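User: Hi! I've got a model open here and would love to walk through it with you. Could we begin with the sheet?

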Amino acid sequence: MINETRNIISLGYGRHLFKEGNAERVRMEICAKEVDSLHMVIFTSARDGLSVTNGVFGLTLYPTNSRLKLLMPLDAFLIGRRIIKNQKRDILITAQDPFEPGLVGLFLKYLYQVPLVVQEHGDVLSTTYWRDESLGNFVRSFLGIFVVKKADLVRVVSNRTKKAFASKGIKNITQLPVAIDTSSFTTATPDASVRPLFEEGSFIFLTVARFVPQKNLLLLLRSFKAVYKDNKHVRLLIVGSGQEETELKEFIETMFIVGTDEVPVLILPWTNNVASMMKAADAYVLTSNYEGWARVLIEAMVCGLPIVTTDVGCAGEVVIDATHGLVVPVGDEPKLTEAMLVIVRDIILRTALLKNLQKLKISEITGTDIAGYGARWVRSLRSNF
């Protein structure tokens, strides 16, 4: 256990944390092992029907069980205040994002004179893409910058976010990527059901994503249409679900004559079998407008998949252009199309990428040491105190 341990109060979202065995919960239990106690206050709705839950190593989960979404910050504040009054000493507050949880943390910081660490996992403030998605995001972007500047410390996951915050005059920044347990990806075998989905000899691009504006899947479809026009043996497998599913399916129907020819794009629902699907594909493609770390790229690397990705998340830090795949500018359709075509056409380059991926040592990939993550997480929160 690290010297001078603290009692940590975490504020944020994550109903999935109440499921025993959930990967993020396991990760937070590893973190809890390194401190005296870890209290996680989770923004939840009353209809979720959740109750206070005790995990291992001193982890306790508190649902807000709010009747209205607008009441979640108030309910989180009341729970946080009660924890502070009961704990009384050696307390540190961390907010999982700089918006509503960050604002709650700011009130608790000033009311009880306790340090506040704001975490930015999503890289949503370094560009305008997230801000421009909705009026709500536009307003919250100003709140986020205000909270970050008032925090005692800001923890980011990528170097690009660290540089962006530094350019805004924020000085107290620490960087720590989210840890990934890659064991299920290193031991996975190819899913035998994937390749029969398409004609024999197909080159399969895979993407796994939520169907939301952030992922820019319409950009992917437009580029893939051009790639398919040039190479009729190329296929695209999209795994996931979300608010844009109907729009994506309608777009696919406008791209191809559904029912007369084989449609080279297939959408499948979420699965727990992602690792095996990756092992069955030929390349991985990510077209997001922004990502915090984009752990899925590391998972694809571990599975030996050449990558085509926009310049987000760990691109440039872990995924190196022309070494593990091809990195293109965000939103650049011609560059994305060209990169996908190169991956399909250039056998020499693809062979070189595959050899580089095969030579990778998992232990040397940033963010894959799950066992040591708890200690590093606590150090990152305490690095300014």
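User: So how many strands form the open sheet, and in what order?
Analyst: Happy to help! In this predicted model, eight strands make up the open sheet, ordered β3-β4-β2-β1-β5-β6-β7-β8, with mixed pairing.

User: Which strands stand at the edges?
Analyst: Those are β3 (53–54) and β8 (173–175). Each has a single partner strand, so one side of each is left without a neighbour in the sheet.

User: How does β3 join β4, parallel or antiparallel?
Analyst: β3 and β4 (residues 59–63) run antiparallel, and two bridges join them. If you want a spot to click on, threonine 53 is opposite leucine 61 in β4.

User: Nice. Which strands does helix α2 lie across?
Analyst: Helix α2, residues 72–87, lies across β1 (7–12), β2 (37–42), β4 and β5 (91–95). It runs at about 160° to β2.

User: And what does α13 touch?
Analyst: Helix α13 (residues 373–382) also packs on the sheet, where it touches β1, β2, β5, β6 (116–120), β7 (153–156) and β8. The direction of α13 makes about 145° with that of β7.

User: Switching topic: at what angle do α11 and α12 cross?
Analyst: Roughly 85°, with the axes of α11 (residues 333–345) and α12 (residues 347–358) coming within 6 Å. That makes α11 roughly perpendicular to α12.

User: Which residues meet there?
Analyst: From α11 you have Val342, Ile343, Val344 and Arg345; from α12, Ile347, Leu349, Arg350 and Leu353.

User: What about α10, is that mostly covered or mostly uncovered?
Analyst: Mostly covered: of the eight residues in α10 (295–302), seven are buried. Among them are Glu299 and Met301.

User: What covers those buried residues?
Analyst: The cover includes α6 (183–186), α9 (274–280), β12 (283–286), β13 (307–310) and α12. Have a look just past the helix too: glycine 304 follows α10 and has a positive phi, near 80°.

User: Let's zoom out. How many helices and strands does the protein have?
Analyst: There are 13 helices and 14 strands. The radius of gyration is 22 Å, close to the 21 Å from the globule rule for 385 residues, so the protein is as compact as a globular protein of that length.

User: What does the C-alpha trace span?
Analyst: About 65 × 40 × 40 Å along the principal axes.

User: Last one: what share of the residues is buried?
Analyst: 54% of the 385 residues count as buried. The accessible surface comes to about 17,500 Å², and carbon and sulfur atoms hold 52% of that.

Key. Residues are numbered from 1 along each chain as its sequence is written. This is a predicted model: local features need pLDDT of at least 70, side-chain atom pairs count only at pLDDT 80 or more; totals for chains, interfaces and linings use all residues. Side-chain values use heavy atoms; hydrogens and water are left out. Two strands pair if DSSP finds at least two bridges between them. Helices (H or I, at least four residues) and strands (E, at least two) are DSSP runs, numbered from the N terminus. Contact means heavy atoms within 4.5 Å. Axes are lines fitted to C-alpha atoms, for helices over the stretch in contact, and angles run from 0 to 180 degrees between N-to-C directions. The radius of gyration is taken over C-alpha atoms; the globule rule is 2.2 Å times the number of residues to the power 0.38. Buried means under 20% relative accessible area, exposed over 50%, partly exposed in between (1.4 Å probe, protein chains only). Accessible areas come from the Shrake-Rupley method with a 1.4 Å probe; for residues, only the protein chains shown count as cover. Angles under 35 degrees count as roughly parallel, over 145 as roughly antiparallel, 65 to 115 as roughly perpendicular and the rest as oblique.
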